[in-house]
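Open the model in your viewer and keep the sequence panel visible. The tour goes from one selection to the next.

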Amino acid sequence: MILVTGGAGFIGANFVLGWLASTDESIVNLDKLTYAGNLNNLASVREDARHIFVKGDICDGGLVASLLDKYRPRAIVHFAAESHVDRSIHAPGDFITTNVNGTFSLLEAARAYVSRLPAGERAAFRFLHVSTDEVYGSLNPGDPAFTENTPYAPNSPYSASKAASDHLVRAYHHTYGLATLTSNCSNNYGPYQFPEKLIPLMIASALAGKRLPIYGDGANVRDWLYVGDHCAAIRRVLEAGRPGETYNIGGWNEKTNLEVVHTLCDILDSLVPTGTSYRQQIGFVQDRPGHDRRYAIDAGKIGRELCWRPVESFDTGIRKTVQWYLDHQDWVRDIQSGAYLQWVEKNYADRTSVSGRSA
Ligand code: NAD
Ligand code: DAU
């Protein structure tokens, strides 16, 4: 049995589904069901007795302690977080509460739990903290990619809160000997991603005939990884990672935002033709404050030490993803509730159109 936090979100849900499909081991899934948590993501395992869903907050130390004592997991895989950079710019408080205090509360509960375990179970226990490449800050063109030794330089309230949580995890290993593992991953894409993030937002907006809002000049670079490959990497780190170590995970797939959006438009042009290209809907809007220019991950260590490499290329992964969104338009419609529309209004209302289509 393992305990997963945030398993109703994008990556967590993909992890839970992949785990139950590939092992016999049960999962306790602790998730607060914030706007980003969605039980529809887990509909296919609703009847599976190996999946125990608990609605609750990682900040609730008593609840976490009681789950650990009741289910005696051999590992915690910690996904739960506030994860959207734009939201962290509008309202950073929730990011500190969940990402910093929540991780602290989870570490404290894990430390107490492990101290009560018999020696064999204690030695086998792992705390896997799922983090991001954004903690390393921003690269210039031509800079080498981030390695595990790149100094931390977070630039947004989101990345600063994740950096703080990474430091706490490191300290719990160093000080208390908790068997921690940290993974720092690049931008994920794939099924079940909430449509506030670039790729699902662009697919949904294109199909709805809306503007495709590109921040700034569209030349910011991200390193894209298909979510199934990220989940496979996490399983591998859990299985064979060395306690106290960090592992960078990435797709060796650097793209500018404009390249990504052009690719999406071209795929949609072939799958859902309308007579004019979806590229006509692209509009350049006011930039994100403090927008990091480039991320790139050197995933050499996890390749050498744990023999992990991504299976999907960007071409195969993005085609699967577009097809998934076309096949699951009800899933998107369910999310596009009042609260979602309020966010879209808030995030884009004050971004005056710089060029291109404006509505
Ligand atoms: P997400 O926003 O889609 O999901 C987060 C989940 O955590 C939701 O189900 C939410 O309900 C839950 N949650 C939030 N606060 C909680 C709390 N206080 N207690 C319990 N549950 C809570 O996020 P995601 O994109 O799936 O990211 C998962 C993790 O991976 C995060 O830690 C994120 O920093 C990290 N990460 C994400 C990416 C990416 O590209 N999405 C890349 C690298 C790392
Ligand atoms: O790098 C890993 C990180 O990737 C994760 O840690 C975060 O949880 C995840 O949200 C993601 O952060 P980004 O800020 O890179 O993702 P987002 O999808 O918000 O934006 C991707 C790029 O696209 C970024 O350069 C901003 C740009 N963008 C985004 C939106 C929503 C636009 O140009 N227009 C938009 O409307």
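**Stop one: the ligand and its contacts**

Select ligand 1 and Val-130 together: a polar backbone atom of Val-130 is 3.5 Å from an oxygen atom of the ligand. Keep in mind that this is a predicted model.

Add Phe-10 to the selection. One of its polar backbone atoms is 3.1 Å from an oxygen atom of ligand 1. Then add Phe-79, where a backbone N or O atom lies 2.9 Å from an oxygen atom of the ligand. How much of the accessible area of ligand 1 does the protein cover? On its own, ligand 1 has 840 Å² of accessible area, and the protein covers 96% of that.

**Stop two: the shell**

Now select the 29 residues around ligand 1. Those that come nearest are Ile-11, Asp-31, Ser-83, Tyr-158 and Lys-162. Colour the shell by class: 12 residues are nonpolar, 12 are polar and five are charged.

Next, show the backbone as a cartoon. Helix H1 (10-22), strand E5 (126-132), helix H6 (157-176) and strand E7 (187-189) each supply at least two residues of this shell. Which of these elements gives the most to the shell? Strand E5 does, with three residues.

**Stop three: two helices**

Keep H6 selected and add helix H4, residues 93-116. The axes of H4 and H6 come within 8 Å and cross at roughly 15°. An angle under 35 degrees counts as roughly parallel, so H4 and H6 are roughly parallel to each other. Turn the view to look at the crossing: H4 passes H6 in a right-handed one.

Key
Residues are numbered from 1 along each chain as its sequence is written. Chains are lettered from A and ligands numbered from 1 in the order in which they are written. This is a predicted model: local features need pLDDT of at least 70, side-chain atom pairs count only at pLDDT 80 or more; totals for chains, interfaces and linings use all residues. Side-chain values use heavy atoms; hydrogens and water are left out. A residue is near a molecule or strand if one of its heavy atoms lies within 4 Å of it. A polar contact is a pair of N or O atoms within 3.5 Å; within protein, one must be able to donate a hydrogen and the other to accept it, and residues adjacent in sequence count only if both atoms are side-chain atoms. Accessible areas come from the Shrake-Rupley method with a 1.4 Å probe; for residues, only the protein chains shown count as cover. Helices (H or I, at least four residues) and strands (E, at least two) are DSSP runs, numbered from the N terminus. Ala, Val, Leu, Ile, Met, Phe, Trp, Tyr, Cys and Pro count as nonpolar, Asp, Glu, Lys and Arg as charged, and the others, Gly among them, as polar. Axes are lines fitted to C-alpha atoms, for helices over the stretch in contact, and angles run from 0 to 180 degrees between N-to-C directions. Angles under 35 degrees count as roughly parallel, over 145 as roughly antiparallel, 65 to 115 as roughly perpendicular and the rest as oblique. A crossing is left-handed if the near helix is turned anticlockwise from the far one by less than a right angle, and right-handed if clockwise.
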